[in-house]
Amino acid sequence: MFSREPLFLGRFVIDCPELMFVQYMPIAMPGTELRIPKNLWCFAGLIEQAECRASDEQYIYLTAKRLFVGPHCLGNRPGWHTDGFGTDDINYIWSDTLPTEFCVGQRFDLSDDHDISLAQMAQQASPENFRTYAPGSLLQLDSTIVHRAAQPVSEGYRTFVKVSVSRHQYNLIGNAHNYLFDYEWPMVERQASRNHPIGA
């Protein structure tokens with residue numbers, strides 16, 4: 001697998017007025033329009049810039065975190081990974097500080113097994129290929145782009161947003177429920193090693 005650069009879609013400023021941890025909340029389901037809860041409207045412009053459109057075949061999920069982060073609390077799970085490993089999911093990410101770190105322009109020899117491949121990414125990622133983008137950058141990622149959470153050396157508040165477009169139900173316990181929809185999915189436990197969005 002060749003890890004290329006994410007697609008840069010521009011730089012944007014968002015004013016997030018409160019601390020939050022919203023994980024993979026569905027904001028569109030197959031055949032529905034976008035439904036964004038009022039307390040998350042501050043991210044509506046970013047979702048529009050990502051050009052995410054409701055469709056008859058895809059779900060759209062919103063992750064929005066404003067947390068106090070530091071060297072021992074990254075705000076996301078650590079380690080090199082790809083979002084939606086082995087799927088055709090598309091993700092859009094944005095942060096106001098401490099940008100995500102990418103390993104670009106490098107070929108990775110990876111197993112199809114999610115956990116084995118994580119260890120292989122950690123072993124193979126070369127520092128000369130590490131790259132970050134300016135704070136406020138909106139980036140589009142497919143499942144071949146290797147990256148990891150920011151590695152903060154100091155403490156402070158960080159807002160991170162991810163919009164995920166997928167044909168799959170993200171059905172893990174702890175994902176945020178959107179009460180603007182009437183739905184009840186069977187939910188399964190998260191795996192300890194990483195945040196696999198799709199349960200077995």
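**Group meeting: fold and overall dimensions**

Read from one end of the sequence to the other, the protein runs β-β-β-α-β-β-β-β-α-β-β-β-β. That comes to 2 helices and 11 strands. Bear in mind that this is a predicted model.

Start with the overall dimensions. The radius of gyration is 16 Å, and the globule rule gives 16 Å for 200 residues, so the protein is as compact as a globular protein of that length. Along the principal axes, the C-alpha atoms fill a box of roughly 45 × 35 × 30 Å.

Next, contacts and burial. Taking contacts with a separation of 6 or more, 82% are between residues 24 or more positions apart. Of the 200 residues, 51% count as buried.

On to the surface. The protein exposes about 10100 Å², and carbon and sulfur atoms supply 51% of that area. As for charge, there are 16 positive and 23 negative charges, and their mean positions lie 5 Å apart.

Now one sheet in detail. It is an open sheet of 3 strands in the order β8-β6-β10, and the pairing is antiparallel. Which strands stand at the edges? They are β8, residues 130-131, and β10, residues 147-148; each has a single partner strand, so one side of each is left without a neighbour in the sheet. In general, strands of a sheet pair through backbone hydrogen bonds, either parallel or antiparallel.

Looking at one pairing here, β6 covers residues 101-103 and joins β8 in the antiparallel sense over 2 bridges. In one of the contacts between these strands, C103 has F130 of β8 as its bridge partner.

Definitions and conventions: Residues numbered from 1 in each chain as written. Predicted model: local features only at pLDDT ≥ 70, side-chain atom pairs only at ≥ 80, totals over all residues. Heavy atoms only, no water. Pairing = 2+ DSSP bridges. Helix = DSSP H or I, 4+ residues; strand = E, 2+ residues; numbered from the N terminus. Rg over C-alpha atoms; globule rule 2.2 N^0.38 Å. Buried < 20%, exposed > 50% of the residue type's maximum accessible area, 1.4 Å probe, protein only. Contact = heavy atoms within 4.5 Å. Areas by Shrake-Rupley, 256 points an atom, 1.4 Å probe, with all protein chains shown as cover. Lys, Arg positive; Asp, Glu negative; His and termini not counted. Charge placed at Lys NZ, Arg CZ, Asp CG, Glu CD.
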